[in-house]
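This report describes one protein chain, beginning with its loops and ending with its pocket. Please keep the sequence and the structure in view while reading.

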Amino acid sequence: MTIGTSVQWTSQSKGYSVTKFGKIVGVIPSMTSPFTVLNGLKWRMAYPITGAPRLEESYIVLVGGKYLYWPRTDQLKPTGEPT
């Protein structure tokens with residue numbers, strides 16, 4: 001996937017499932033800290049980034065034109081529609 005791709009994924013927290021829709025605004029190469037990409041983005045993270053760099057290429061997703069997420073790559077599905 002590339003910057004500008006519209007995606008969706010479902011996350012779970014406290015017994016609830018929520019499907020989120022957004023657009024990829026950053027591509028993080030494998031084994032690279034997401035902060036190398038985040039430093040150039042003007043939006044804020046929806047939650048603090050934790051964890052080690054990922055083995056696979058991953059993506060920063062803008063949701064609602066306001067919040068950034070770093071979802072697991074295997075959960076992302078292209079929607080084919082603009083967000």
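Helices and strands are here DSSP runs, numbered from the N terminus, with at least four residues for a helix (H or I) and at least two for a strand (E). With these terms, M31 can be placed in the loop between β2 and α1, the latter covering 35–38. The model is a predicted one.

**Overall make-up**

The protein chain contains 1 helix and 6 strands. Read from the N terminus, the order of its elements is β-β-α-β-β-β-β. The chain has 83 residues, and 34% of them count as buried. Its accessible surface is about 5300 Å², with 55% of that belonging to carbon and sulfur atoms. Taking the contacts between residues at least 6 apart in sequence, 47% join residues at least 24 apart.

**Two loop residues with positive phi**

Most residues other than glycine have a negative phi. K14 is not a glycine, yet its phi is positive, at about 50 degrees. This residue sits in the loop between β1 and β2. M31 is not a glycine either, and its phi is positive at about 55 degrees.

Are these two residues buried or exposed? K14 has a relative accessible area of 78% and is therefore exposed. M31 is exposed as well, with a relative accessible area of 53%. The cut-off behind both statements is that exposed means over 50% relative accessible area.

The table lists these values together with those of other residues discussed below.

| Residue | Relative accessible area | Class |
|---|---|---|
| K14 | 78% | exposed |
| M31 | 53% | exposed |
| D74 | 58% | exposed |
| R72 | 49% | partly exposed |
| Q8 | 27% | partly exposed |

**The salt bridge**

How many salt bridges does the structure hold? There is 1 salt bridge in the structure. Side chains of opposite charge can pair when their charged atoms come close. Here the partners are D74 and R72, whose side chains meet at 3.1 Å, N to O. D74 has 58% relative accessibility, so it counts as exposed. R72 is at 49% and therefore counts as partly exposed.

**Q8 and its contacts**

Q8 belongs to strand β1. Its relative accessibility is 27%, so Q8 counts as partly exposed. Which residues does Q8 touch, not counting those up to four places away in sequence? They are T19, K20, F21, Q75, L76, K77 and T79. For one of these, T19, the separation from Q8 is 11 residues along the chain, and the C-alpha atoms of the two are separated by 6.8 Å.

**The largest pocket**

The largest pocket has a volume of about 260 Å³. Its lining consists of 14 residues, and W9, T10, S11, Q12 and K20 are those that lie nearest its centre. Two elements give two or more residues to this lining, namely β1 (6–13) and β2 (16–28). Which element gives the most to the lining? That is β1, with 5 residues. Sorted by class, the lining has 7 nonpolar, 5 polar and 2 charged residues.

**Looking back**

Strand β1 appears in several of these sections. Q8 is found in this strand, the loop holding K14 lies between β1 and β2, and β1 gives the most to the lining of the largest pocket.

How values were computed:
Residues numbered from 1 in each chain as written. Predicted model: local features only at pLDDT ≥ 70, side-chain atom pairs only at ≥ 80, totals over all residues. Heavy atoms only, no water. 1 Å grid on protein atoms, 1.4 Å probe; cavity = no way out; pocket = protein on both sides within 12 Å on 5 of 7 lines; lining within 4 Å. Points joined across faces, edges and corners; volume = space filled by probe spheres on them. Nonpolar A, V, L, I, M, F, W, Y, C, P; charged D, E, K, R; others polar. Buried < 20%, exposed > 50% of the residue type's maximum accessible area, 1.4 Å probe, protein only. Contact = heavy atoms within 4.5 Å. Areas by Shrake-Rupley, 256 points an atom, 1.4 Å probe, with all protein chains shown as cover. Salt bridge = Lys/Arg side-chain N within 4 Å of Asp/Glu carboxyl O.
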